[in-house]
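Got the viewer open? Follow along stop by stop, selecting as you go.

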Amino acid sequence: MDKLYGLSHLFMTVFLHNFSMFMVVPAITDVTMAALCPGQDECSLAIYITGFQQAMIGLGTLVMMPLLGNLSDKYGRKAILTLPMILTIIPVGILAYSRTKKFFYVYYVFKILISMVCEGSVPCLALAYVADNVPESGRSTVFGILSGIGSAAFVSTLIAVIGALYMQFFLRDSVIDDKHLYTPIISQGNPIISKVNGNLESKKHLLKALRSIKDLTSFLNSSLTINQAAIVAFFNSLADVGLHGSLLYFLKAQFHFDKNQFADLMVISGIAGTVSQLLLMPILAPILGETRLLSVGLFFHCVHMFLYSMAWSSLVPYASAMFSILYVFSHPCIRSIVSKEAGPHEQGKAQGCISGICSIAHIVSPLVFSPLTALFLSEKAPFDFPGFSIMCIGFASMISFVQSLMLRVAPPILN
């Protein structure tokens, strides 16, 4: 309990950040459609432009996530968290100012550029912060609580600003060991220019942190468990990104949903996910273990997607959203398994590398599923099955489920 109280400022930081991000999601589909295809319920251009945005963001985060995770091991979690917390204010600020076509394109460009650096970095670094402060036996539970608080965060630039300021003033850094925290990013003392050896050493550490792709491959090859967990994370993320890029356009074309119905679905999913992770996960994780709980979550993730794909009534999406009470276990379980395979001073690197793997899915998923969604929602579809692309996304989720059944966590090596 003392540990959870010590993480309260981190929980509040994540809540405020996610709150500001989630509030944009229900409206962005309508904003995009109004800017590109006004007065229409189906727009292939909007689907393609969303897919391009996801792919570009994935390309950027593939490089940046391992880098930011590694840098946080060197310079501290709080210092690196400051960057995404501040930069993510800019796109929502543009959208809040105006939603005309011109400002939409300005928002679109800034969203891509900033998300290439910042997308997913806050949860990634937050997980590393938790791993710094919580022993291995309790990490899956606290990871679930952190994820639950994020789900509870369901529009404003003000909230994003408050989130950045709250983090800066109240969150205490977790990497404070002088042996491993090489140098602060913002020095509080007078700079020393004459110490050549110190400068060379600092440059070596910076160059070492910049080798993000090499760090990713070496980390994945460090153990079979990490390799298997990375495969699960990839296909799970492939399905999540595909669903995120396709579902709202599918519901708008099939049932004429707008931002109000999208918000209702997010609230249902958020409440179910929050209750599940705050109440059920602390009970189920010690009983089932992380690997079994991961498989349970991924199984219901598949069911969730297949229900969406075969929706014959506007009530089905609401029933499907309730399945988040069971499938939300997968993300914290994967992160906890990976966390236990990394050393105490490699948590940022570990979480950054898994986020990098998920970023590859951000590149691949739009290239596959966006054209498929646009095709089957158009009049040129080879057969009448509007939810076909979502069913294919469900098959990607099924691959992650099958792989999770083969996941075996190695026992810890005693020093």
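Relative accessible area under 20% is called buried here, over 50% exposed, and anything in between partly exposed. Keep in mind that this is a predicted model.

**Stop 1: the aromatic rings**

Start by selecting Phe299, which has a relative accessible area of 40% and so falls in the partly exposed class. How many aromatic pairs are there to look for? The count is 16. One of them joins Phe299 to Phe300 in an edge-to-face arrangement, with the ring centres 5.2 Å apart and 80 degrees between the planes. Phe300, at 22%, is partly exposed.

Next, show Phe385 and Phe388. This aromatic pair is edge-to-face too, with 6.0 Å from centre to centre and 65 degrees between the planes. Phe385 is partly exposed, its relative accessible area being 21%, and Phe388 is also partly exposed, at 23%.

While the rings are still drawn, add Phe104, Tyr105, Tyr107 and Tyr108, which together make up one aromatic cluster.

**Stop 2: Phe369, on the way from Phe388**

Keep Phe388 on screen and add Phe369. The two sit 19 residues apart along the chain, and their C-alpha atoms are separated by 10.0 Å. Phe369 belongs to helix α19, residues 347-376. Is Phe369 buried or exposed? With a relative accessibility of 5%, Phe369 is buried. Want to see what surrounds that side chain? Leaving out neighbours within four places in sequence, Phe369 is in contact with Leu238, Gly242, Ser246, Ser389, Cys392 and Ile393.

**Stop 3: Ser404**

Now pick helix α20, residues 388-405, and go to Ser404 within that helix. Ser404 has a relative accessible area of just 2%, so it is buried. Which residues does Ser404 touch, once those up to four places away in sequence are set aside? They are Val232, Leu294, Ser295 and Leu298.

**Stop 4: Arg292**

Select helix α15, residues 290-309, and find Arg292 there. Arg292 is exposed, at 57% relative accessibility. Then measure across to Cys333 in your viewer: Arg292 and Cys333 are 41 residues apart in sequence, and the C-alpha to C-alpha distance is 9.4 Å.

**Stop 5: α3 against α14**

Time for some helix packing. Two packed helices are described by the angle between their axes and the distance between the axes. Show helix α3 (residues 25-36) together with helix α14 (residues 259-288): their axes come within 8 Å and cross at roughly 155 degrees. An angle over 145 degrees counts as roughly antiparallel, so α3 is roughly antiparallel to α14. The crossing of the two is right-handed.

To see who does the touching, draw the side chains. From α3, take Val25, Pro26, Ala27, Thr29 and Asp30; from α14, take Lys259, Phe262, Ala263 and Met266. Sorted by class, the contact between α3 and α14 has six nonpolar residues, one polar and two charged.

**Stop 6: the loop before α14**

From α14, step back into the loop that links α13 (224-255) to α14 and select His256. What is the backbone doing at this residue? His256 has a positive phi of about 60 degrees, although it is not a glycine. His256 is exposed, with a relative accessible area of 54%.

**Stop 7: Thr141**

Next comes helix α9, residues 136-151, where you will find Thr141. Its relative accessibility is 18%, so Thr141 counts as buried. Beyond its neighbours within four places in sequence, Thr141 is in contact with Pro282 and Ala285.

**Stop 8: α5 and α6**

Finish with another helix pair. Helix α5 (residues 77-87) and helix α6 (residues 89-97) pack at about 10 degrees, their axes 5 Å apart. Angles under 35 degrees count as roughly parallel, and α5 and α6 are therefore roughly parallel to each other. Select Met85, Ile86 and Leu87 on α5, then Ile89, Ile90 and Pro91 on α6, to show the contact. How do the residues of the α5 and α6 contact divide by class? There are six nonpolar, no polar and no charged residues.

Key. Residues are numbered from 1 along each chain as its sequence is written. This is a predicted model: local features need pLDDT of at least 70, side-chain atom pairs count only at pLDDT 80 or more; totals for chains, interfaces and linings use all residues. Side-chain values use heavy atoms; hydrogens and water are left out. Axes are lines fitted to C-alpha atoms, for helices over the stretch in contact, and angles run from 0 to 180 degrees between N-to-C directions. Helices (H or I, at least four residues) and strands (E, at least two) are DSSP runs, numbered from the N terminus. Angles under 35 degrees count as roughly parallel, over 145 as roughly antiparallel, 65 to 115 as roughly perpendicular and the rest as oblique. A crossing is left-handed if the near helix is turned anticlockwise from the far one by less than a right angle, and right-handed if clockwise. Contact means heavy atoms within 4.5 Å. Ala, Val, Leu, Ile, Met, Phe, Trp, Tyr, Cys and Pro count as nonpolar, Asp, Glu, Lys and Arg as charged, and the others, Gly among them, as polar. Buried means under 20% relative accessible area, exposed over 50%, partly exposed in between (1.4 Å probe, protein chains only). Rings of Phe, Tyr and Trp (its six-membered ring) pair if their centres lie within 6.5 Å; planes under 30 degrees apart count as stacked, over 60 as edge-to-face and the rest as tilted.
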